[in-house]
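Here is a short tour for someone meeting this structure for the first time. Keep the model in view while reading.

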Amino acid sequence: MKQIALYGKGGIGKSTTSANLSAALSLSGCDVLQIGCDPKRDSTRMLMQGRLIPTVMDLVRERGAASVTPADVVYTGFNGIRCVEAGGPEPGVGCAGRGIIATFQLLEKFGTLTGDVIVYDVLGDVVCGGFAMPMREGYAQEVYLVTSGELMSLYAANNICKAIERLSARPRSRCRLAGIICNAKNLPREEELVAEFAHRVNSHLIQYIPRDRTVQLAELDRKTVLEYEPSSEQAQRYRDLAARVMENTRFTIPTPLEIDELESLARQFV
Amino acid sequence: MSLNHLPASSYRTEGCTLTGALSVTTQIRDAITVVHGPSGCTHHNFSLLHATSLDHDRVAIPPIISSGLSETEVVFGGEGALDRTLDRAISREPAAIFVLSTCIAETIGDDVAAVCNAKVGVPVIVIPTAGFLGGSFQTGVNNALVALAGMAEPSPGRKGQVNIIGEKNLEYEVDENFAEVTRLLSLLDLSVSTRFVHNLTAEEIRSVGAARLNVLRDPSLIPVGEYCKERFDIPYISGFPVGLSGTITFLESVGAACAIDPRPAIEAEHSFEQETLGDFADIAGHEISFSSLFPVQDGERAVRDIARAFRLDVIPSGTPVPVPVTPPVGITGVRRMLHRWRRAIHA
């Protein structure tokens, strides 16, 4: 079983990339489970025909953990992909990080974490220990960073490299950086910049995904690109990503950059 | 943001902020203290307070209830649990409710004050006591005393007697030390108005602003003394009398603060001191060493002065004599310590 986690700056397209990647993996014959680890709970929406499925934390809050069953939290979406949303507290109260930890413990107890591939789609930044949970032992060993060529997005990716570096130093930790996905804003020389960033942090650019209107159209139709327009060039990009993820063997301990290194790197590609 | 600092010892004055505050608020007989946190925070402290009072031959059930935070409240917020616990407390019709926060409540950012402010009909007083913020037991004591003093109004012009501020309610000799200070004050024709806070009702707190002088238990309470000076215009003496010379100094300071001539009191106390020296003449000239569970710091000078007054040689090979955790209060405290030294020396 392959377990991968997608991290990156908020709004960069982690959920879109995750859902399309899951769809492509599923269409290639894999049994896929996608887990949204963000209180916003919209990771799996495009796999569920636009439906916001009940979250694990909502069910726990309403019924108590003891009366929640596996059937209550796992929903089958496009092409048999199993979908789970962790959910979390209302904005502004409680501790969302602890919510992720509690969700993982419950899914573990249910024996839900099975299949050929599990895709963890994690919220914007590793703000606390709870959101590092998917990277910990027993869960995702391969972390993909989603970034564009914009400095703030690279900055967030670099920050997550720090978390991976720290976690990978622990005994028995198998968490590694598996690659950088460039979800482009179609900036000039963007692919080159992100490839160079990937190289500098001791990783590689695994897939360049250009900005394409098909993605927006598919989302308006509440579908992934793979379902909405499987013959499109964009769909092919996601299939390429899926194939490369399955073949990937380059898992590294990242070497995060200092902020001024990052800035001068970005300046080279203006 | 407070930094990690490892305490020099596990002595409880360096312990948890929550415990310090509870040692104060549980002394209000007709109030309830709500601990907003996991039930373990309450259980530990309840046990400590209960066991300590039993150890002191008092049977007291500390009036504490817990909001019982579990993982569900940690994830979704604990304000609802606090609200329900406050209602439970209110249904018992207490004269006041003290709400003490814990590490968990402060970590998840519950707005404790907002929940408490919504309650009407009974005073609900919030005292921040999360231990991980770096405060000690003493911080909890001080925070609680300041919060309680905030319940009393200033009474300008009314100058009553003397308040005792911040007694160590968990020390074995709390009542003996209080009796000694009362005796010394009576030599100056002064009496105690409020033991702030030791075995009080919520109503009795309200008169704390009417005293002419506050006597603090020890100098770590100076922030409380300053608060009361500002709020009620009451001067303070920064500590109970320590040792022989400290007793005389205490009488001088109290006399000066209350415009009373201390000379007759000092004369009486000098003769008590002489009498004490005579009573323990049999231990003079012996060789002793100090034996204490904890490093003797604050009180070391006072204890060395006492040894010198009785012509005892303090050398490492001397007979170990017990030195109390807090230095002896007044000449009565000195006599109590000397009784124990005598037993060790003549053993």
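In which helix of chain B does R301(B) lie? R301(B) belongs to helix 13 of chain B, which covers residues 300-309. The model is a predicted one, and every value below is computed from it.

R301(B) has 15 C-beta neighbours inside 10 Å, so this residue counts as partly exposed. Compare its place with that of S66(B). The two residues are 235 residues apart along the chain, and their C-alpha atoms are separated by 43 Å.

**The two chains**

Chain A has 10 helices and 8 strands. Its radius of gyration is 18 Å, close to the 18 Å that the globule rule gives for 270 residues, so chain A is as compact as a globular protein of that length.

Chain B has 14 helices and 11 strands. Its radius of gyration is 22 Å, close to the 20 Å from the globule rule for 347 residues, so chain B is as compact as a globular protein of that length.

Each chain can also be boxed along its principal axes. The C-alpha atoms of chain A fill roughly 55 × 45 × 35 Å. Those of chain B fill roughly 70 × 50 × 40 Å.

Burial comes next. In chain A, 50% of the 270 residues count as buried. In chain B, 43% of the 347 residues do.

Contacts can be sorted by sequence separation. Take chain A, and the contacts between residues at least 6 apart in sequence: 76% of them join residues at least 24 apart. For chain B, residues 24 or more positions apart account for 74% of the contacts with a separation of 6 or more.

**The core**

Which residues have the most contacts inside the largest nonpolar core? They are V143(A) and I97(B), and this core has 170 residues. Leaving aside residues up to four places away in sequence, V143(A) touches A5(A), Y7(A), M135(A), I164(A), C175(A), R176(A), L177(A) and A178(A).

**A helix pair in chain B**

Helix 1 (residues 17-25) and helix 7 (residues 137-149) of chain B meet. Their axes come within 6 Å and cross at roughly 40 degrees. The two helices of chain B, helix 1 and helix 7, are therefore oblique to each other. Helix 1 of chain B passes helix 7 of chain B in a right-handed crossing. On the helix 1 side, the contact includes T17(B), L18(B), G20(B), A21(B) and V24(B). On the helix 7 side, the residues in contact include F137(B), G140(B), V141(B), A144(B) and L148(B).

**Unusual backbone spots**

Most residues other than glycine have a negative phi, and most peptide bonds are trans. Two residues with positive phi are set out here.

| Residue | Phi | Loop |
|---|---|---|
| R189(A) | near 60 degrees | between strand 7 (176-183) and helix 6 (190-200) of chain A |
| E93(B) | near 55 degrees | between helix 4 (79-90) and strand 3 (96-101) of chain B |

Are these residues buried or exposed? R189(A) is partly exposed, with 13 other C-beta atoms within 10 Å. E93(B) is exposed, with 10 other C-beta atoms within 10 Å.

Where is there a cis peptide bond? It joins F196(B) and V197(B), with omega about 10 degrees. V197(B) sits in the loop between strand 6 (192-196) and helix 9 (202-205) of chain B.

Note on methods
Residues numbered from 1 in each chain as written. Chains lettered and ligands numbered in written order. Predicted model: local features only at pLDDT ≥ 70, side-chain atom pairs only at ≥ 80, totals over all residues. Core = buried A, V, L, I, M, F, W, Y, C linked by C-beta atoms within 7 Å. Buried ≥ 20, exposed ≤ 12 C-beta atoms within 10 Å, placed from the backbone. Contact = placed C-beta atoms within 7 Å. Helix = DSSP H or I, 4+ residues; strand = E, 2+ residues; numbered from the N terminus. Rg over C-alpha atoms; globule rule 2.2 N^0.38 Å. Axes fitted to C-alpha atoms, helices over the stretch in contact; angles between N-to-C directions. Parallel < 35°, antiparallel > 145°, perpendicular 65-115°, else oblique. Left-handed = near helix turned anticlockwise from the far one by under 90°.
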